[in-house]
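Open the model in your viewer and keep the selection tool at hand. This tour goes from stop to stop.

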Amino acid sequence: MDQPTWAEGVDLSRPSPARVYDYLLGGRHNFASDRALAEQMLAVEPDARRWAAANRSFLGRAVEHLLDAGVRQFIDLGAGIPTVGNVHDIALGATSDARVVYVDVDKVAVTHSRHLVSDVSDRVGVVQADLRRPEAVLGDPVTQRLIDFRRPVGILMVAVLHFVPDSDDPRGVLAVYRDAVPPGSGLVISHMTHPAEMTEDVERTVKTYSSSAAPLTFRSKSEIEELFTGWWLTDPGVVGVLQWHPSSPGSVGPDIPGLVGVATKL
Ligand SMILES: C[S@@+](CC[C@H](N)C(=O)[O-])C[C@H]1O[C@@H](n2cnc3c(N)ncnc32)[C@H](O)[C@@H]1O
């Protein structure tokens, strides 16, 4: 495909996590390099589509949980391309006064997102920023226009913190977001853990992904629990993606290498 004008300056020969994930979810916002890497992953792990879908489904359940707890505003960090089951549809479906700010570092994801939310731009905004620079995210005019920091805010970090290595101080970054929001706010994290079996094939795929798209940092359960420092983890704590408030008991299938949790600021 020719380089679209809106993707000027983007190296489309290099896969991006946002678009690889979009492809795994069955979306159409991806390019040949993204599909090639996704297919390479699927050849090694045919279950990768189910992993992506399960993560996306958790995001929806977590947002509904926060809505039930009275949270009306959301900052979705590393939002990707808000297609299937996106945060603003769930939130605005529950209450017309909801506010959502999508944040992503990927220019293509941000461009698609702006297009997708253009009809609700009075309540939903998109910021192109690196979540590791919380002051830039929180101080962005779009965030400032939409989010009232005197009222509870849902901070969503779903399938994104494994792109932040320890050397970038994820706990320090999280502390800035925590300190910016009032009690009653929520933190949602979904994070990759080591696959149960790191076969040579899986290891090779992880290495390919890391070198061509983005480096991955797997964290253990206790390391993920530590990311919630200063928050009160709600039941059932940090658990497998499928175990967190399953929509129906039958929906729990074989586990996937991801852990999730939702917490409240007291
Ligand atoms: C696997 S996707 C997850 C999308 C969405 N959160 C979900 O779970 O459905 C990860 C997203 O995080 C974004 N991302 C990675 N590192 C980031 C950073 N430092 N700041 C902002 N976004 C980042 C990627 O561009 C990608 O869109």
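The stops below begin at the ligand and end at one histidine. Keep in mind that this is a predicted model.

**Stop 1: the shell.** Select the ligand and the residues around it. You should have 18 residues. Arg-56, Gly-78, Asp-104, Asp-130 and Val-158 are the closest. Now colour the shell by residue class. Ten of its residues are nonpolar, five are charged and three are polar. Next, show the cartoon. Helix 1 (17–24) gives the shell at least two residues, and so does helix 3 (48–68).

**Stop 2: polar contacts of the ligand.** Pick Asn-55. An N or O atom of the Asn-55 side chain sits 2.8 Å from a ligand oxygen. Move to Gly-80. Here a polar backbone atom is 3.5 Å from an oxygen of the ligand. Then go to Val-158. A nitrogen atom of the ligand lies 2.7 Å from a backbone N or O atom of this residue. Now switch on the surface. How much of the ligand's 600 Å² does the protein bury? The protein covers 95% of the area that the ligand exposes when taken alone.

**Stop 3: His-162.** Leave the ligand and select His-162. Look for it in the loop that runs between strand 4 (153–158) and helix 8 (170–180). Is His-162 buried or exposed? His-162 counts as buried because its relative accessible area is 5%, under the 20% cut-off. Show its side chain. That side chain comes to 2.9 Å from the backbone nitrogen of Met-192. Finally, display the contacts of His-162 beyond four places in sequence. They are His-191, Met-192, Pro-215, Leu-216, Thr-217 and Arg-219.

Terms used
Residues are numbered from 1 along each chain as its sequence is written. This is a predicted model: local features need pLDDT of at least 70, side-chain atom pairs count only at pLDDT 80 or more; totals for chains, interfaces and linings use all residues. Side-chain values use heavy atoms; hydrogens and water are left out. A residue is near a molecule or strand if one of its heavy atoms lies within 4 Å of it. A polar contact is a pair of N or O atoms within 3.5 Å; within protein, one must be able to donate a hydrogen and the other to accept it, and residues adjacent in sequence count only if both atoms are side-chain atoms. Accessible areas come from the Shrake-Rupley method with a 1.4 Å probe; for residues, only the protein chains shown count as cover. Helices (H or I, at least four residues) and strands (E, at least two) are DSSP runs, numbered from the N terminus. Ala, Val, Leu, Ile, Met, Phe, Trp, Tyr, Cys and Pro count as nonpolar, Asp, Glu, Lys and Arg as charged, and the others, Gly among them, as polar. Buried means under 20% relative accessible area, exposed over 50%, partly exposed in between (1.4 Å probe, protein chains only). Contact means heavy atoms within 4.5 Å.
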